[in-house]
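Thanks for coming. I will go through a few local features of one structure, so please have the sequence and the model open in front of you.

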Amino acid sequence: MADPADGFVPPASLAEFAALARAVLPADVWDFVDGGSGTETALAANRAALDRVAVLPRMLAGVDDPSTEATLPGGRAALPVAVAPMAYQRLLHPDGEPALAAAARAADVPYVASTLSSTPIEEIAATGATVWFQLYWLRDRALVADLLDRAEGAGCAAVMVTVDVPVLGRRLRDARNGFALPPHVTAANLPGGRDDLAHQGTPGVSAVAVHTGAVFAPALSWADLEWLRARTRVPLLVKGILDPRDAVRAADAGVDAVVVSNHGGRQLDAAPASAAVLPEVVAAVDQRCAVLLDSGVRGGVDVLRALALGADGVLLGRPLLWALAAGGRAGAEAALALLAAELRDALILSGCPDPASARRLRTRIGG
Ligand SMILES: Cc1cc2nc3c(=O)[nH]c(=O)nc-3n(C[C@H](O)[C@H](O)[C@H](O)COP(=O)(O)O)c2cc1C
């Protein structure tokens, strides 16, 4: 837990970090983090779907000191949770990625480093956190190969390829704000000059969208995934799966996990809530690979909901950016400590000695 001497007093819930972040962030950065695509229908659906998942708690189970430990594709972790890959963390706080990675290390959970991190992957790994590398497929295949070699050289414990961004979703807030990266925030893993477009502000246009349009490969295919599987020695996760048929195909390709995700409502606005399709994906892959969930998780009770729906764990996104903005490393440590305490309580209240038993809980959709 954050030391009050750091001057950071944590709020009572993860959701309350949002107001703390909003108070300190420039309005366009707040919108970049908070926003979804289009009418933000998928963004709203994530929360609504999780709220509709009721979990039937077990009584008289004699549980007072549950373990929160979990086995994730990249190894064991203190919680069935990893820090979601999120670009450009120096937008939130000058200490950026190393601060959030150090908090992940303190909480003993993996930190997923984005291809678009504003700190080089090697510096993130130097925090000593368990780092997984998130790959965005770039048009330049040699650059993709170089990034994978660098991630491996830096000791990354897993590779997570994101497959739901052939182009950036139409994020209207960023377009209206003419959002562009400030000069001090760079795509630090890309060779010099490859992020120029992300800095060029134009009224009515998101420079971040223009930049990704120029550097991301728009037509990723299953053959590319097979190429990646063949050259990756560490566990491979595929992030952005929603259709059970894609999950089965990914399992066929030999991936270690699929991440059921609608990218926090930031890509296809007509996408379903990830929690709504999770049970179908779990049934379809039939334990041939692990299944993680993200999009909308806001506390320990949501982790319990995901486990009860059959997930092996979750990725936590925006709440950790809010905490980073509000209190730097101490803020992020406080958020992860709060999540651990909430999950522990949720396990006790549902009569589960550990996350694996939570996967045997029954659920009712709609309360
Ligand atoms: C500001 C921001 C940046 C993101 N950058 C990336 C990224 O670089 N790579 C990626 O795979 N997903 C990225 N995501 C998506 C997250 O990994 C995750 O899927 C999503 O935030 C989960 O939803 P949640 O924020 O509701 O927890 C980003 C999300 C946000 C909010």
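At what angle do helix α11 and α12 pack, and how far apart are their axes? Before the answer, a reminder that this is a predicted model. Two packed helices are described by the angle between their axes and the distance between the axes. Here the angle is about 35 degrees, and the axes of α11, residues 244-252, and α12 are 9 Å apart. The crossing of α11 past α12 is right-handed.

Now look at who makes that contact. From α11 it is Pro244, Ala247, Val248 and Ala251. From α12 it is Glu280, Val281, Ala284 and Val285. Sorted by type, the residues of this contact are seven nonpolar, one charged and no polar.

Next, a loop that leads into α12. His263 sits in the loop between β9, residues 257-260, and α12, residues 274-285. Its phi is positive, near 65 degrees, and His263 is a residue other than glycine. Is His263 buried or exposed? It counts as buried, because it has 26 C-beta neighbours inside 10 Å, and the cut-off for buried is 20 or more.

There is a second case. Tyr88 is not a glycine either, and its phi is positive, about 55 degrees. You will find Tyr88 in the loop between β4, residues 81-83, and α4, residues 96-107. Tyr88 counts as buried because 26 C-beta neighbours lie inside 10 Å.

On to a strand. In a regular strand the side chains alternate between the two faces of the sheet. Strand β1, residues 53-56, shows this alternation. Val53 and Val55 point to one face and are buried. Ala54 and Leu56 point to the other face and are not buried. What does β1 pair with? Its partner is strand β12, residues 362-365, in the antiparallel sense, over four bridges. If you want one position to check, Ala54 stands opposite Arg364 in β12.

Last, the ligand. Which of the 24 residues around the ligand come nearest? They are Ala84, Ser114, Thr162, Gly264 and Gly317. The elements giving two or more residues to this shell are α2, residues 27-34, β11, residues 313-316, and α14, residues 318-349. By type, the shell has eleven nonpolar residues, ten polar and three charged.

That is the end of the tour.

Notes. Residues numbered from 1 in each chain as written. Predicted model: local features only at pLDDT ≥ 70, side-chain atom pairs only at ≥ 80, totals over all residues. Near = placed C-beta within 6 Å. Nonpolar A, V, L, I, M, F, W, Y, C, P; charged D, E, K, R; others polar. Buried ≥ 20, exposed ≤ 12 C-beta atoms within 10 Å, placed from the backbone. Axes fitted to C-alpha atoms, helices over the stretch in contact; angles between N-to-C directions. Left-handed = near helix turned anticlockwise from the far one by under 90°. Contact = placed C-beta atoms within 7 Å. Pairing = 2+ DSSP bridges.
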